[in-house]
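Welcome! Below are a few short exercises to work through with the structure in view. Try each task before you read its solution.

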Amino acid sequence: MNVERPTRASSVGVRKSMQSNKGRDTKPELALRRAVHALGLRYRVSARPLPKVRRTADMVFTKAKVAVFLDGCFWHGCPEHHTKAATNADYWAEKVRRNRERDAETDRLFAEAGWTVIRVWEHQNPLESARHVADCVRSRRADQLGQRTAR
Ligand SMILES: [Zn+2]
């Protein structure tokens with residue numbers, strides 16, 4: 001027997017992200033950007049770093065080659081918050097499955113081009129996520145400097 005769980009949008013953020021697939025400047029995006037900015041980092045917003053790849057990252061650090069994607073819990077199938085929709089369950093499950101496939105492909109394409117991809121769930125603490133992003137960007141910059149002096 002197929003057991004269905006009732007739909008439970010466990011937070012306002014999750015419910016909001018169900019309403020718009022690719023809403024720009026959502027609350028979690030703004031919170032993360034503000035936190036990263038407060039750590040002294042500058043970045044491009046909603047940019048497409050690889051000309052041949054039609055994928056837009058939420059934050060792009062061009063020199064460090066770091067791209068940050070903020071994934072909505074519902075749309076990207078967060079293990080903590082993704083709940084099966086009560087109506088059209090198959091339709092939504094298929095949509096989320098395709099999103100996840102696309103995410104994996106994006107990660108692969110970026111990695112092949114020498115980029116580091118950071119994925120942040122919208123439910124994650126923006127300050128902690130921002131620190132993770134900052135650490136990653138700084139270590140990439142340090143690596144690049146190391147390569148330059150080694151040459
Ligand atoms: Zn979540």
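Two residues are in contact if their C-beta atoms, placed from the backbone, lie within 7 Å. Keep in mind that this is a predicted model.

**Exercise 1.** Find which residues Ala-67 touches, leaving out those up to four places away in sequence.

Solution. Start at Ala-67 and apply the contact cut-off of 7 Å between C-beta atoms. The residues found are Pro-49, Ala-57, Val-60, Phe-110, Trp-115 and Val-117.

**Exercise 2.** Work out where Ala-67 belongs in the largest nonpolar core, and which element gives the largest share of this core.

Solution. The largest nonpolar core has 17 residues, and Ala-67 is listed with Val-36, Val-66 and Val-68 as touching the most other members. Two or more residues each come from helix 2 (27-38), strand 2 (57-61), strand 3 and helix 4 (126-150). The largest share, 4 residues, is given by strand 3. As a general rule, nonpolar side chains in soluble globular proteins tend to be buried together.

**Exercise 3.** Describe how strand 3 is joined to strand 4, and what unit the two make with helix 3.

Solution. First list the elements from the N terminus on: α-α-β-β-β-α-β-α. That order holds 4 helices and 4 strands. Next, look at strand 3 (residues 66-71) and strand 4 (residues 116-121): they run parallel and are joined by 6 bridges. For one of the pairs, take Leu-70, whose bridge partner in strand 4 is Val-120. Finally, add helix 3 (residues 89-112): together with strand 3 and strand 4, helix 3 makes a right-handed β-α-β unit.

**Exercise 4.** Check whether the span of helix 3 agrees with its 24 residues, then count its buried residues.

Solution. At 1.5 Å a residue, helix 3 should span 34 Å, because the expected span is 1.5 Å times one less than the number of residues. The end C-alpha atoms of helix 3 are 35 Å apart, which agrees. As for burial, 2 of the 24 residues of helix 3 are buried, so this helix is hardly covered. Just beyond, helix 3 is followed by Gly-114, which has a positive phi near 85°.

**Exercise 5.** Decide how far to trust the model, and where to take care.

Solution. The mean pLDDT of the protein is 86, and 83% of its residues reach 70 or more. Take care with residues 5-14, over which pLDDT stays under 50. For that stretch the model has 19 contacts beyond four places in sequence.

Conventions: Residues are numbered from 1 along each chain as its sequence is written. This is a predicted model: local features need pLDDT of at least 70, side-chain atom pairs count only at pLDDT 80 or more; totals for chains, interfaces and linings use all residues. pLDDT is the predictor's confidence in each residue, from 0 to 100. Two strands pair if DSSP finds at least two bridges between them. A crossover is right-handed if, with the strands pointing away from the viewer, the path from the first strand over the helix to the second runs clockwise. A residue is buried if 20 or more other C-beta atoms lie within 10 Å of its own, exposed if 12 or fewer, and partly exposed in between; C-beta atoms are placed from the backbone. A nonpolar core is a set of buried Ala, Val, Leu, Ile, Met, Phe, Trp, Tyr and Cys residues joined through C-beta atoms within 7 Å.
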